[in-house]
Amino acid sequence: MTTPAPQTPTDSMNVAGAASAAALKTVLITGVSRGLGKALALELAKRGHTVIGCSRTPEKLSSLQSELAAASEKISKNNKHLIMNVDVRSNSSVEELARAVVEKKAVPDIIVNNAGTINRNNRIWEVPVDEFDTVIDTNIKGTANVLRHFIPLMIENKHGIIVNMSSGWGRSAAAQVAPYCASKWAVEGLTRAVAKELPPGMAVVALSPGVVNTEMLQTCFGSSAALYPTPESWAPKAATLILHLTVGDNGASLTV
């Protein structure tokens with residue numbers, strides 16, 4: 001993203017874009033029960049934005065609903081956050097989420113496809129079949145399922161920003177995480193292709209969060225993961241970047 005020079009013919013558009021970014025948004029975040037998703041959701045709620053969150057771990061969702069309400073209480077007494085138990089790997093589960101969103105008239109302005117998983121460190125020929133499938137089904141098919149059901153709703157509203165969470169390993173590679181690398185390279189390619197299909201008023205970007213001390217990182221890095229920022233310290237910068245994305249960013253590969 002770049003800041004335009006002053007006194008250009010597009011100044012009025014830039015002012016409008018800034019005003020829009022400052023307005024309160026409805027943001028859908030998948031994989032919201034922990035890590036980056038949870039930290040981002042709480043940061044957005046603290047700023048007064050409405051969060052639609054989903055996760056396949058239902059035992060964590062009730063407490064998250066309370067945390068979101070507490071985070072947004074100082075901004076607004078009107079808690080409209082919607083949290084649902086959804087498995088993005090399941091097309092029908094995502095379809096159910098989309099129906100609920102339509103019923104509540106809460107079509108998101110921004111989608112963050114955050115739900116993801118990684119394989120245990122292993123050479124590709126030693127990765128169990130079911131583990132490989134879980135990585136692909138979550139990271140690629142899960143993203144596609146959300147796009148399938150929510151892009152039409154955004155098109156109907158004539159606006160929307162989609163953030164597909166990528167990784168540094170979606171732009172490079174490392175040994176023993178080949179399934180994860182493959183999935184995130186796919187997210188990068190999927191994002192660029194979808195960017196060419198979206199109508200005016202919409203945008204999709206691939207966003208690498210950088211290296212953050214999450215449970216996923218700990219499975220790869222072990223104790224050295226503690227050397228990196230926590231999700232809570234990452235979230236303010238990520239939230240600001242996401243809230244200020246515009247249609248001009250369509251197709252971009254960005255990093256927090």
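**Sheet, helices and surface contacts in a predicted model**

Helix α3, residues 61-72, lies across strands β2 (50-55) and β3. The direction of helix α3 makes about 170 degrees with that of β3. Helix α6, residues 178-195, also packs on the sheet. Helix α6 touches β5, β6 and β7, and its direction makes about 160 degrees with that of β6. The model described here is predicted.

The sheet itself is open and has seven strands. Their order is β3-β2-β1-β4-β5-β6-β7, and the pairing is parallel. Strands β3 (82-85) and β7 (253-255) stand at the edges. Each edge strand has a single partner, so one side of each is left without a neighbour in the sheet. On average, neighbouring strands are turned by 20 degrees against each other, direction ignored.

Two of the strand pairs can be followed in detail. Strand β1 runs parallel to β2, and five bridges join them. Within this pair, isoleucine 29 stands opposite glycine 53 of β2. Strands β5 (residues 160-165) and β6 (residues 202-208) also run parallel, joined by six bridges. Here glycine 160 stands opposite methionine 202 in β6.

How many residues of strand β1 (residues 26-30) are buried? The count is five of the five, so the strand is largely enclosed by the rest of the structure. Both faces of β1 are covered. Thr26, Leu28 and Thr30 are buried on one side. Val27 and Ile29 are buried on the other.

Strand β4 spans residues 110-113 and contains asparagine 113. Is asparagine 113 buried or exposed? Its relative accessible area is 3%. Buried means under 20%, so asparagine 113 counts as buried. Neighbours within four places in sequence are left aside in the list of its contacts. Asparagine 113 then touches Thr30, Thr143, Val146 and Leu147. The list also includes Ile162, Val163, Asn164 and Met165. Thr30 belongs to the buried residues of β1.

The loop between β1 and α2 holds serine 33. Serine 33 is buried, at 8% relative accessibility. Residues up to four places away in sequence are again not counted among its contacts. Serine 33 touches Lys38, Ser55, Thr57, Lys60, Leu61 and Leu64. Serine 33 and glutamate 59 are 26 residues apart in sequence. In space, their C-alpha atoms are 9.1 Å apart.

Charged side chains add further links. A search of the whole structure finds ten salt bridges. In one of them, lysine 38 meets glutamate 67, with 3.2 Å from N to O. This pair links distant parts of the chain. Lysine 38 lies in helix α2 (residues 35-46), glutamate 67 lies in helix α3, and 29 residues separate them. Lysine 38 is partly exposed, at 25% relative accessibility. Glutamate 67 is partly exposed too, at 33%. Lysine 38 is also one of the residues that serine 33 touches.

Another salt bridge joins aspartate 87 to arginine 89. Their closest N and O atoms are 2.8 Å apart. Arginine 89 is partly exposed, with a relative accessibility of 34%.

Arginine 123 and glutamate 126 also meet through their side chains in a salt bridge, at 2.7 Å from N to O. Arginine 123 counts as partly exposed at 41%. Glutamate 126 counts as partly exposed at 37%. Elsewhere, Glu43, Lys46 and Arg47 are joined into one network by salt bridges that share partners.

The surface also carries a nonpolar patch. Which residues form this patch? They are Ile124, Trp125 and Phe132. Together, these residues have about 330 Å² of accessible area. Phenylalanine 132 lies in helix α5, which covers residues 129-157. At 30% relative accessibility, phenylalanine 132 is partly exposed. Partly exposed residues fall between the limits of 20% for buried and 50% for exposed, so a value of 30% belongs in that class.

Technical notes. Residues are numbered from 1 along each chain as its sequence is written. This is a predicted model: local features need pLDDT of at least 70, side-chain atom pairs count only at pLDDT 80 or more; totals for chains, interfaces and linings use all residues. Side-chain values use heavy atoms; hydrogens and water are left out. Patches are made of residues with over 30% relative accessible area and no salt bridge: like charges are joined within 9 Å, nonpolar side chains (Val, Leu, Ile, Met, Phe, Trp, Tyr) within 5 Å. Accessible areas come from the Shrake-Rupley method with a 1.4 Å probe; for residues, only the protein chains shown count as cover. A salt bridge is a side-chain nitrogen of Lys or Arg within 4 Å of a carboxyl oxygen of Asp or Glu. Helices (H or I, at least four residues) and strands (E, at least two) are DSSP runs, numbered from the N terminus. Buried means under 20% relative accessible area, exposed over 50%, partly exposed in between (1.4 Å probe, protein chains only). Two strands pair if DSSP finds at least two bridges between them. Axes are lines fitted to C-alpha atoms, for helices over the stretch in contact, and angles run from 0 to 180 degrees between N-to-C directions. Contact means heavy atoms within 4.5 Å.
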